[in-house]
Amino acid sequence: MKTIIVDSDELSREIMLFFVSTISMLDIVGAFNNPYDAIEYVQNHSIDLVILDVQTAGMDGIELGGKLREIDPELTLICTTAEKIYAMSELRLKVAAYLMKPLNRNEVLYAIESARLLAKRNQKHIYARTFGYFDLFVDGKPIMFKSAKAKELLAFLIDRQGGTVTTDQIINVLWEDKPNDEATQNLCSKIVKTLKKELEEYNIGNILIQRRGIRSIDMSQVDCDMYELMKGNVEAKEQFFGDYMLEYSWAEGRAESLKIRSERIPDKKN
C-alpha cells in the first residue's frame, strides 16, 4: 500500500515512520508536516493510505481528511490524536482506525492491518480483456471510453505488464506517423490527463502511476487474461485463440509471443 504520513509534530512523525518502516505491506512514499503539501502530493500521485494527525498545524485533520477524500474517494485513512474529543469526528470521516498518542507499536500494527483489510474489501475488481479486442471491466461492467486514444494508451500500458513508458515511447507507438515535436508532446500530455479523468469516473484512477514523465499500470490491481497466460494458466490458454488486441497494429508482436507461450502450456488434464 502506497502510504503518506501527515503530522506537524516532528517527533510524532518520526515515531510513526519508525513504527511503519519495517511493515512489508507498506510503501512509505512521503511524510509531510504541511497539510497543503500533502494535498498537492495526493493530487499528483496514486496513494492507498494516509496516516494523519487530527491536530496538524495549518488545517484541522478532519478537514484535511475530507479534502483528501474529495481527491480520491477510495483513500484509506488512519487518524492519530492526543485528545479523545476528536474520536467521534474521526468516526464520521469513516477512518479505518484512530490511534491515541503516545503511539504504541502494537496498536499501530493493528491499525495498519485493519486498513489493509478495509482497502481490500472496498477494492473494485478490475479486469482487462486482451484476447480478441481490448476492453476494461470494473466490477463486471465495461468502461465506455469517450476517447479512443486514451483507451489505446491504457491498452499499451496493460501490454507493458507494469513496465514504465516515457512520453517518447508513447508517441512512437500511438502516433508513429507524427513527428515527435512540441505539438505531439502536448497532445500526449492531454491524452494522459484524459485517461486519468476517465478512470477516475469509475473510481480506479489509482491504477495509473505517473512519475516525472513516465507512466505505468499498477499490475497488483488488475486481473488480465494475458497476464494469466504468461503465468502458464491452463484456463487462460483455453480462452486464447491466437488473437490479441486486434484493433492495434503495435500489438502484433505480442500476439506472436503469446502463441508460442500458449503452445508450451500443457493441456488441461481430464
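Strands, such as the one called E10 below, are DSSP runs of at least two residues, numbered from the N terminus along with the helices. With that in hand, let us walk through this structure, which is a predicted model.

A good place to begin is a small sheet. Three strands make up an open sheet, ordered E9-E11-E10, and their pairing is antiparallel. Strand E9 (165-166) and strand E10 (208-211) are at the edges with a single partner strand each, so each has one side left without a neighbour in the sheet. On one flank, E9 is joined to strand E11 (residues 214-217) by 2 bridges, and here Val 165 has Arg 215 of E11 as its bridge partner. Helix H8 (residues 182-200) packs on this sheet and touches E10 and E11, with its direction at about 140° to that of E10.

On the other flank, 4 bridges hold E10 and E11 together in the antiparallel sense. Look again at Arg 215 in E11: it is also the bridge partner of Gln 210. E10 and E11 form a hairpin with 2 residues between the strands, and in this hairpin Arg 212 takes a positive phi near 45°.

Strand E10 also leads us to the spaces inside the model. There are 2 cavities of 30 Å³ or more. The largest cavity holds about 50 Å³ of space. Its lining is made by Lys 2, Val 29, Tyr 41, His 45, Ser 46, Ile 47, Ile 209, Gln 210 and Arg 211. E10 contributes the largest share of that lining, with 3 residues. Gln 210, which we met as a partner of Arg 215, is one of the residues that line this cavity. By class, the lining of the largest cavity has 4 nonpolar, 3 polar and 2 charged residues.

The second largest cavity has a volume of about 40 Å³. Among the residues lining this second cavity are Ile 5, Val 6, Asp 7, Ser 12, Met 16, Thr 80 and Leu 103. Strand E1 (2-6), helix H1 (10-20) and strand E3 (49-53) each provide at least two residues of this lining, and E3 gives the most, with 3 residues. The lining of the second largest cavity divides into 6 nonpolar, 2 polar and 3 charged residues.

Lys 101 is another of the residues lining the second largest cavity, and it brings us to some details of the backbone. Most residues other than glycine have a negative phi, and most peptide bonds are trans. The peptide bond from Lys 101 to Pro 102, however, is cis, with omega near 0°. Pro 102 sits in the loop between strand E5 (97-100) and helix H5 (105-122). Asp 139 also deserves a look, with a positive phi of about 50° although it is not a glycine. You can find Asp 139 in the loop between strand E7 (135-138) and E8.

Those two strands, E7 and E8, belong to another sheet. This one is an open sheet of 4 strands in the order E8-E7-E6-E12, and its pairing is mixed. E8 and strand E12 (222-224) are at the edges, each with a single partner strand, so one side of each is left without a neighbour in the sheet. Strand E6 (residues 126-129) and E12 run parallel and are joined by 3 bridges. Within this pair, Ala 128 stands opposite Cys 224 in E12.

Our last stop is charge pairing. Side chains of opposite charge can pair when their charged atoms come close. The whole structure contains 11 salt bridges. In one of them, Glu 201 is paired with Lys 146, and the closest N and O atoms are 2.8 Å apart. This pair links distant parts of the chain, 55 residues apart: Glu 201 is in the loop between H8 and E10, while Lys 146 is in the loop between strand E8 (141-142) and helix H6 (148-159).

Notes
Residues are numbered from 1 along each chain as its sequence is written. This is a predicted model: local features need pLDDT of at least 70, side-chain atom pairs count only at pLDDT 80 or more; totals for chains, interfaces and linings use all residues. Side-chain values use heavy atoms; hydrogens and water are left out. Two strands pair if DSSP finds at least two bridges between them. Contact means heavy atoms within 4.5 Å. Axes are lines fitted to C-alpha atoms, for helices over the stretch in contact, and angles run from 0 to 180 degrees between N-to-C directions. On a 1 Å grid over the protein atoms alone, a cavity is a set of points where a 1.4 Å probe fits but cannot get out, and a pocket is an open set with protein on both sides within 12 Å along at least five of seven lines; lining residues have an atom within 4 Å of a point. Grid points are joined across faces, edges and corners, and a volume is the space filled by probe spheres set on the points. Ala, Val, Leu, Ile, Met, Phe, Trp, Tyr, Cys and Pro count as nonpolar, Asp, Glu, Lys and Arg as charged, and the others, Gly among them, as polar. A salt bridge is a side-chain nitrogen of Lys or Arg within 4 Å of a carboxyl oxygen of Asp or Glu.
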